[in-house]
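Open the model in your viewer and keep the selection panel at hand. The stops below are meant to be taken in order.

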Amino acid sequence: MDHLTTEVRWALGGIALLLVVASIYVFALCRLQPDRDRKDLVDRMKTWWVIILLFGCAFLIGKGTLIVLFAFVSFLGLKEYFSLIPARRADRRVLFWAYLAIPVQYYWVWLDWYGMFIVFIPIYMFMLIPSRMILTGVTEGFLRSVGMVHWGLMTTVFSLSHAAALIGLEWHSGARTLPAELYQTGEIPPGPGLLILLIALTQINDVAQYVWGKSLGKRKIAPHVSPGKTVAGFLGGVVTTALLACAVGPWLTLLTREHALIAGLIIGVGGFFGDLSISALKRDLGVKDTSAMLPGHGGIMDRVDSLTFTAPLFFHFVYYLYF
Amino acid sequence: MNRILRALFFLLVVRPIVLIVLGLNVRRPELLPKSGPAIIVANHNSHLDALVLMTLYGTRRLQTVRPVAAADYFLKNKFLAWFSTQILGIIPINRVVTKESKNPLAPIDDALAEGNILILFPEGSRGDPEKLDQFKTGIARIAQHHEEVEITPVFMHGLGKALPRGEALLVPFFCDIFIGPPFRWNGSRAGFMETLTSEMQKLIDEKPKSDW
C-alpha cells in the first residue's frame, strides 16, 4: 500500500464506489422491470467486477503483479487474434515464437529497460518472425502472413505493454518539465497515478462517445466501419474526456493542468481510432466479437480496443515531458 | 488410487492447459448429456479432442465420461496402456476385425449398460488438421443396438491448429465448440448416417469462414 499516494488510493476507492453504484442501479432496473431481458447488462456488470477486482488487487500488491496481469491480457489478446486470422498452416511454429515475445517484452518492462522495451518488437521481432517463416520455406502468402503476425504483436503486445511500462517511470532532473515538489524527491512514484488516469480516461471516453452519439448527432463519422458512431458523439466524447482529464489529472498525477488537458485530447482522439481499427478488423474477418471470453463484453480485444492506441500515445506524451 | 490420480491429472494438468493455454468458446453447453447412458459424437483432429470434451464435465462426473479409442494405438506398450485405460479412462476397441474375434463393439455395449457417457470419433482417426473425413458406419451399428440412447453431435474447431497429428509442440489457439441437439436411432443405417452428417454440417456452418 505504501507505494500508492493518497490520491491514487482515493481514485481506486472512487472506482470501486462507482462499480457498487452501477451494480445497485442494474439490480434496481431488473427488479422494477422484471419482464425485460437484461441478461447482457447483468453479464457485463459481473465481468466488470472481475476485471476491476483483479486490477485493483494487482495495484495494491505492486508492480510485479500488475506486469504479470498485463502480460496475461496480452497473451489472451494475441491468442484471440491468432485464432481469428487466416494464418497459413505452415506458420504454426512461427506463431509459437510470436507468443514467446510476450514474456520477453514484459521482462524489459519489469527491468525498466526503456531502450530494449522500445525496440524489441519493432526491430528484433520484426526480423525474427520473417526469418523463422523463411525457414519453413513456404513463399506463397508470405507477405500477407508476415504482415498479419507483426500487426498482431504490435497491437496486443507492444501497445498494451506501454500501459504496464507507465508503472515503473521515475522523474529525473534532466526532464523537460519540473513537476510539483513532492514528485521531485522521488519519494512518490508517479506511475500508478498515470496508469489509473490512462485506463479511467480511456474507459470514460468510450462511454462518453457512446452516450453523446446516442443523444445527439446524425452525421455518421465512419458509416462503413461502425454505423453507430456520429460526428457529435466523437466531438462530445473528446471534449468530455479532455475536461475530465483537466480536472482530475493534476490532482491524481504529476501532470500540469495544460498537459493533462492535452493528454485528455490525445486519449479522446486515440481511443476513437483504436476502437474503430478493431471494428474494421472484425468486419474484415466477418466476426461480431473477437471471442466470447468476457460475458456481456465479447472478447479481450473488444475490451482493450481503445487502449491499444491510447496506451502508447499517452505513454510517449508523458515520457517526452517528464521522464 | 487410480481414481485419485485421474482426478488430479485432470485438475492440475488438463484443466489449466485446456482452459488457460487454449481457452474454450462453448456454444449451447446445456445440450451436453448430463448423465449416461449417452453418446457424444465429435469430429477428430487432435489428441486434445477427448481431453477438451472431458473438461466440459466437472471432476465428479468425469468418472463416467469415457472416450472410445483404438486399441492398436493406445495399448501399444504397457505404460501407455495403463495411462490410457486408468487415467484417461478410454474404452479400447479393435479397429482391425478378424474372423476369430468376437463382436468388436462389445466393450461399448458394456460401458453403455453401466451408464457411462461415451465419446466417439466416427472419422476413425485424426486425419489432416481441421479437415472432416467421411464418417465410418460403426456408429450406426452402435445406435441400432441401443435405440434408447441419445446421441449428441459436437463439432470442435481450433484443436487441429493447436496440436495436429504428428506435432509435439502445442501452440495456443482458442477452441470453438458447437453442440447440437441430441437425436436417436431412426430405423435405418443409411438414414441414421444421413442425420448424423447433416446435423454435423449444421454445426460446421456456424463457424466463421476465414480460416486455413
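The tour goes from the domains to the core, then to the chain contact and one helix.

This is a predicted model, in which local features need pLDDT of at least 70 and side-chain atom pairs count only at pLDDT 80 or more, while totals for chains, interfaces and linings use all residues. Residues are numbered from 1 along each chain as its sequence is written, and chains are lettered from A and ligands numbered from 1 in the order in which they are written.

**Domains.** Colour chain A by domain: 1–61 is domain 1, 73–168 domain 2 and 172–323 domain 3, with bounds from an automatic or database domain assignment. Between domains 1 and 2 of chain A, the C-alpha centres are 32 Å apart.

**Core.** Select Ile40(B) and Leu118(B), which touch the most other members of the largest nonpolar core, a set of 129 residues. Such a core joins buried Ala, Val, Leu, Ile, Met, Phe, Trp, Tyr and Cys residues through C-beta atoms within 7 Å; buried means 20 or more other C-beta atoms within 10 Å of the residue's own, exposed 12 or fewer, with C-beta atoms placed from the backbone.

**Chain contact.** Chain A contributes 18 residues and chain B 15, contact meaning C-beta atoms, placed from the backbone, within 7 Å.

**Helix H8(B).** Select residues 189–204 of chain B, a DSSP run (H or I, at least four residues) numbered from the N terminus. Phe192(B), Leu196(B), Met200(B) and Leu203(B) are buried here. They line one face of the helix, because their directions from the axis to the C-beta atoms fall within an arc of 60°. Turn to the opposite face for exposed residues, including Glu194(B) and Gln201(B).

How values were computed: Two residues are in contact if their C-beta atoms, placed from the backbone, lie within 7 Å. Helices (H or I, at least four residues) and strands (E, at least two) are DSSP runs, numbered from the N terminus.
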